[in-house]
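Welcome, and thanks for taking a look at this one with me. Here are my notes, in numbered points, to read alongside the picture.

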Amino acid sequence: MTAPKIEIYTKWGCPYCVRAKALLDHKHVAYTEHDVTMGGAPRAEMVARVPGATTVPQILVDGRALGGCDDIHALDRAGKLDPLLGL
């Protein structure tokens with residue numbers, strides 16, 4: 001089984017981004033971080049991939065949007081995050 005592709009859109013200084021990345025780091029999963037601090041193309045890409053996304057972080061697994069920090073922590077508490085992360 002191949003590991004899922006995990007991506008996270010973040011901004012510098014965002015405490016929710018830090019918490020989301022800490023959870024992913026705690027689970028020892030590799031992810032690609034896209035910094036949208038300066039807007040431009042990275043932010044446009046985020047909005048195109050996650051319609052209606054106005055806040056960060058935005059976490060995607062194999063292109064599926066999971067939401068933000070509170071969303072992945074809720075998935076983790078419900079025992080639903082690990083299967084999505086391939087754990």
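1. Which residue in β3 does Glu 7 stand opposite? The partner is Leu 60. Before going further, please keep in mind that this is a predicted model, in which local features need pLDDT of at least 70 and side-chain atom pairs count only at pLDDT 80 or more, while totals for chains, interfaces and linings use all residues. Residues are numbered from 1 along each chain as its sequence is written, and side-chain values use heavy atoms, with hydrogens and water left out.

2. Let us start with the sheet. It is open and made of four strands, in the order β2-β1-β3-β4, with mixed pairing. Helices (H or I, at least four residues) and strands (E, at least two) are DSSP runs, numbered from the N terminus, and two strands pair if DSSP finds at least two bridges between them. At the edges stand β2 (32–35) and β4 (64–67), each with a single partner strand, so one side of each has no neighbour in the sheet. On average, neighbouring strands are turned by 25 degrees against each other, direction ignored.

3. Now follow β3 across its two pairings. With β1 (residues 6–10), strand β3 (residues 58–61) pairs in the antiparallel sense over four bridges. With β4, the pairing of β3 is antiparallel over three bridges, and here Leu 60 stands opposite Ala 65. The hairpin of β3 and β4 has two residues between the strands, and Asp 62 takes a positive phi near 50 degrees there.

4. Two helices pack on this sheet. Helix α1 (residues 15–26) touches β1, β2 and β3, and its direction makes about 160 degrees with that of β1. Helix α3 (residues 69–77) touches β3 and β4, its direction making about 90 degrees with that of β4. For these angles, axes are lines fitted to C-alpha atoms, for helices over the stretch in contact, and angles run from 0 to 180 degrees between N-to-C directions.

5. Where is Gly 68 placed? Look in the loop between β4 and α3. Gly 68 has 12% relative accessibility and counts as buried; buried means under 20% relative accessible area, exposed over 50%, and partly exposed in between (1.4 Å probe, protein chains only). Leaving aside neighbours within four places in sequence, Gly 68 is in contact (heavy atoms within 4.5 Å) with Pro 57 and Ile 59.

6. How many salt bridges does the count come to? There are five, taking a salt bridge as a side-chain nitrogen of Lys or Arg within 4 Å of a carboxyl oxygen of Asp or Glu. Glu 7 returns here, since its side chain meets that of Arg 49 in a salt bridge (2.8 Å, N to O). This pair links distant parts of the chain, with Arg 49 in helix α2 (residues 40–49) and Glu 7 in strand β1, 42 residues apart. Glu 7 is buried at 4% relative accessible area, whereas Arg 49 is partly exposed at 31%.

7. Helix α1 takes part in further pairs. Arg 19 forms a salt bridge with Asp 70, the closest N and O atoms being 3.8 Å apart; Arg 19 lies in helix α1 and Asp 70 in helix α3, 51 residues apart. Lys 21 forms a salt bridge with Glu 33, with the closest N and O atoms 3.1 Å apart. Because Lys 21 lies in helix α1 and Glu 33 in strand β2, the pair ties together parts 12 residues apart in sequence. Lastly, salt bridges that share partners join Lys 27, Asp 76 and Asp 82 into one network.
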